[in-house]
Every structure is written in structure tokens, then in C-alpha cells.
Number of protein chains: 2
Amino acid sequence: MTTKPKAVVLLSGGMDSCVTAAMARTTHDVALLHASYGQRTERRERQSFEAMADFWGARQRLLVRLDHLAQIGGSALTDHRIAVPEDGHAIAPAHTAIPITYVPFRNAHLLSVAVSWAEVLGATAVFIGAVAEDSSGYPDCRPEYYRAFQEVVRVGTKPDTRIEIATPVISMKKSEIVQQGIALGAPLHLTWSCYQFEDQACGTCDSCRLRLLAFAQTGHTDPLPYRARVER
Amino acid sequence: MTTKPKAVVLLSGGMDSCVTAAMARTTHDVALLHASYGQRTERRERQSFEAMADFWGARQRLLVRLDHLAQIGGSALTDHRIAVPEDGHAIAPAHTAIPITYVPFRNAHLLSVAVSWAEVLGATAVFIGAVAEDSSGYPDCRPEYYRAFQEVVRVGTKPDTRIEIATPVISMKKSEIVQQGIALGAPLHLTWSCYQFEDQACGTCDSCRLRLLAFAQTGHTDPLPYRARVER
């Protein structure tokens with residue numbers, strides 16, 4: 001039996017990172033990383049992280065707090081004075097503006113923690129479940145962003161450190177992510193995607209809408225409890 | 001009277017960032033940012049930050065905690081089981097290895113916080129006091145690192161965000177930094193550089209040695225209290 005190389009996987013608690021972790025596990029020994037940053041559904045997402053880590057029997061886990069993202073604010077996810085949109089804006093075909101749920105430069109914080117941990121662990125990859133096209137138009141979810149960050153990792157770590165930034169779902173549609181997750185036996189029932197609530201998903205925020213639409217397109221039923229299901 | 005553009009300045013409490021802030025103030029309205037990350041002299045560095053911010057009458061200040069850097073470890077600055085070197089290794093002309101005081105990928109965390117804050121404030125620059133040649137050989141203190149990070153900022157922020165990563169002291173020798181600081185009336189007496197102690201500087205760690213050498217080369221006396229002064 002050969003030993004798999006080690007990888008750090010960013011696991012938010014959501015569907016995209018769950019499927020990313022399931023894909024990473026096929027080739028790597030995974031160390032699971034979760035960040036809380038004062039987002040509305042922080043407690044529920046951390047619970048999903050722990051449940052998935054238990055599901056996979058992950059030995060190496062790291063939970064970090066990035067409270068400064070809430071201190072800095074500027075997003076509906078971290079500033080409770082800004083309402084989470086429920087108008088379906090993000091799934092409109094022609095939308096181009098950056099949504100108010102964008103947390104300024106957030107993914108750089110997540111990648112920085114992952115790369116620091118990977119360098120100390122001797123891991124050779126960092127997996128992140130960013131989705132470009134079918135997502136909400138965040139600038140830090142595009143392939144060119146990860147290519148640029150890869151260069152920062154190359155020049156900013158020790159000469160003998162080699163860490164690849166892996167984004168296996170970045171070009172997938174949400175429906176393909178659901179299908180991939182089901183095919184790999186990923187614990188989609190343990191994930192959480194809602195931006196607003198922690199008991200039942202709202203079904204009306206951008207994140208719920210995109211998720212429900214994806215399940216509907218694959219002909220599967222989303223196993224999460226919803227207050228309302230807007231599958232269009 | 002014209003209004004200066006706004007800039008976020010990373011102010012660690014050390015000499016290099018103090019002089020960087022003094023330079024930034026000549027052209028920008030500065031917002032001062034300080035990070036604690038479980039480093040040995042955390043309390044003393046925060047005290048220096050507050051004293052400098054008071055000295056300049058800075059209205060906008062942000063203090064953040066990056067405790068995960070200590071959770072992750074891998075550095076003599078954050079892991080108290082690893083001794084801080086006192087052998088003068090970093091000032092030997094032929095040294096090439098990365099010192100054990102390197103905090104893995106630390107500056108990416110600092111820049112990420114600064115860029116997030118800058119984007120929310122509408123600041124057009126982030127200043128960081130990295131020093132390349134005359135420093136301790138950290139990979140994330142070189143010009144190519146900041147060029148790479150600049151590209152991440154360009155592609156990873158909102159389309160109308162323009163934030164320049166400014167490294168005004170990166171090509172200076174430590175002695176030039178001391179001279180520049182004195183010329184600008186920077187409060188060098190309020191800074192702290194020692195890696196080990198918080199009451200009197202040790203005078204023997206790499207950071208103290210580089211600082212004492214720089215003052216000696218300029219013919220000035222370092223105003224800080226030292227246990228020992230190794231000016232060579």
C-alpha cells in the first residue's frame with residue numbers, strides 16, 4: 001500500500017467544499033481546515049464541518065477564527081445591518097455586479113491560512129471549492145485569481161516548499177457538483193449552504209436558490225430542511 | 001488644501017514599519033493596522049503600535065488577532081519550544097537558509113487583512129515595511145513576492161477597486177532606514193524590534209543585532225534599553 005501525499009482542504013460546511021474534499025480524498029491524505037469569520041450562520045457551518053470530518057474519520061483538523069473579517073465588515077454576510085438579498089439576482093443570466101454578500105478579499109485569508117498550515121505539515125496541495133461560472137460573481141472565485149495566488153505561494157514560501165492550489169470544481173456547474181458528490185458518496189446531507197438561517201434553510205437567498213436549482217436539474221431532492229423551496 | 005488619498009499602513013511596532021508609516025504620511029491619509037499573532041513580544045509590540053498611533057494622532061486604527069499563526073506554529077517566534085537564535089547567523093554575509101524565525105507565509109495574512117480593510121475604506125494603497133537585502137532572508141520580503149501579490153489584489157477585488165501594494169523601504173539598507181526615519185522625525189524611540197524580551201531588548205537576537213548595527217553605521221545611538229549591545 002502506497003502512502004498518499006498530504007493535502008490541506010478548506011471545508012466551509014457548504015456543498016462545493018464538501019465535494020472538493022471528496023475529490024481530494026481520492027488522491028490525497030486530507031487535513032481539514034475550517035474558518036469562522038463572524039458570518040451569520042457561523043455556528044451551523046462549523047457543525048457541518050465537524051460532522052463531515054467525523055463522517056470521513058479525519059484525524060487532522062484545524063478550526064481558526066478570522067474575526068477581523070467581521071470587524072472590517074462591508075458584506076451582508078458579516079454585517080447584520082446589511083440585509084441578505086432574496087431577489088434571485090445572482091441567478092439572473094445577465095447579472096454582472098458584485099453581490100453585497102461578497103466578503104472583501106476573503107479567499108486570500110482562507111488560502112493564506114491553508115498555505116501556512118500546508119507548509120508546516122509538509123502538504124503538497126491546498127484544495128478549495130471555488131466555483132467560477134455558476135457562482136455568484138465573486139472576483140476571488142475565478143481561475144485567474146487562483147493562478148495569481150499560485151505565484152504568490154511559489155515565491156513566498158521556502159525554496160523547497162511545493163504547494164499546488166487545487167480548484168477541482170471551479171469549472172463545474174452546480175448541478176455537476178451535485179452529481180459528482182452523489183457519485184463519490186459525499187455527505188451532502190451534512191452540508192449547509194443557507195446565508196441566513198441555522199435551523200431550516202431559507203430557500204430564498206442566492207446560495208439556497210443556486211443549490212435548490214442544482215438539485216432540481218439533476219432530478220434529486222435536496223435532503224436539507226427548507227422553509228421554502230424556490231427551484232427556479 | 002487638497003485632501004490626501006487614503007492608505008492602510010501595516011505597523012508592527014518595529015523600526016521598518018515605523019519609517020514606512022512616516023513615509024506614507026507624506027503623501028497619504030493613513031489608517032494604521034496592527035496584527036497580534038501569538039508572537040513572543042506581542043504585548044510590547046502592540047504597546048509600540050498604540051504609542052506611535054498616538055504620536056501621529058491617527059484617527060483610524062485596527063487591531064486584529066491572527067492566533068491561528070501560533071496554532072499552526074513552525075516558527076521560533078510563535079512556538080516557545082523553539083529557541084530564538086542568538087548566533088548572529090542572519091547578519092553573516094553568506095547566509096542563504098531560511099531562519100527559524102520565519103513564520104510560514106505570514107505576510108500573506110497581513111496583506112490580506114490590509115487589502116480587505118483598504119477595499120472597505122476606499123483606500124488606494126497598502127504600505128508594508130518589508131526589507132529585502134538587509135533583512136533576514138525571509139522569502140516573503142522580496143520584491144517579486146509583492147509583485148505577485150499585487151496581481152492577486154488586481155484580480156481578486158471588485159472591478160473598480162484600485163489598491164497599490166507599496167513597499168518604500170524594500171531596497172534600503174537598515175542604516176538607510178534609520179537615516180530616513182531620523183530625517184522624517186519618525187518616533188524611532190517608540191519602536192520595538194527584539195524577538196525575545198519585552199522590558200529590555202536582548203541585543204543578541206538577529207533583529208536586535210541588525211538594528212544595533214544599523215544605528216552604529218549611521219553614527220547614532222539607538223534610544224532603546226538593551227541588556228547587551230552587540231554592534232557588529
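The legends below describe close-up views of a predicted model with chains A and B.

In this predicted model, local features need pLDDT of at least 70 and side-chain atom pairs count only at pLDDT 80 or more, whereas totals for chains, interfaces and linings use all residues. Residues are numbered from 1 along each chain as its sequence is written, and chains are lettered from A and ligands numbered from 1 in the order in which they are written.

**View 1. Chains A and B and the axis that relates them.** The model scores ipTM 0.88 and pTM 0.90, and chain A has a mean pLDDT (the predictor's confidence in each residue, from 0 to 100) of 89, with 92% of its residues at 70 or more. Chain B is superposed on chain A by a rotation of 180° with 0.0 Å of shift along its axis, at an RMSD of 0.0 Å, the fit being made by least squares on the C-alpha atoms of residues with pLDDT of at least 70 in both copies. That is the relation of a two-fold axis. Among the residues of chain B, B:His109 comes closest to the rotation axis, its C-alpha lying at 3.0 Å.

**View 2. The side of chain B that touches chain A.** Counting two residues as in contact if their C-beta atoms, placed from the backbone, lie within 7 Å, 35 residues of chain B are in contact with 35 residues of chain A. Helices (H or I, at least four residues) and strands (E, at least two) are DSSP runs numbered from the N terminus, and those of chain B that give two or more residues to this side are strand 3 (61-65), helix 3 (68-72), helix 4 (106-121) and helix 5 (143-156). Helix 4 of chain B provides the largest share, nine residues.

**View 3. The largest nonpolar core and B:Val126.** A nonpolar core is a set of buried Ala, Val, Leu, Ile, Met, Phe, Trp, Tyr and Cys residues joined through C-beta atoms within 7 Å; a residue is buried if 20 or more other C-beta atoms, placed from the backbone, lie within 10 Å of its own, exposed if 12 or fewer, and partly exposed in between. The largest such core has 150 residues, of which A:Val9, A:Ala114, A:Val126, B:Val9, B:Ala114 and B:Val126 touch the most other members. Leaving aside neighbours within four places in sequence, the contacts of B:Val126 include B:Ala7, B:Val8, B:Leu111 and B:Ile163.

**View 4. Helix 7 of chain A and its cover.** The 13 residues of helix 7 of chain A (residues 206-218) should span 18 Å at 1.5 Å a residue (the expected span being 1.5 Å times one less than the number of residues), and the end C-alpha atoms are 19 Å apart, which agrees. Because 10 of the 13 residues are buried, helix 7 of chain A is largely enclosed by the rest of the structure. The cover over these buried residues includes helix 1 (15-25) and helix 6 (174-183) of chain A. Helix 7 of chain A is followed by A:Gly219, whose phi is positive, near 80°.

**View 5. A:Phe105 and helix 4 of chain A.** Most residues other than glycine have a negative phi. A:Phe105, however, has a positive phi near 65°, and A:Phe105 lies in the loop between helix 3 and helix 4 of chain A. A:Phe105 is buried, with 29 other C-beta atoms within 10 Å. Helix 4 of chain A is mostly covered, 14 of its 16 residues being buried, and just after this helix A:Gly122 takes a positive phi of about 75°.
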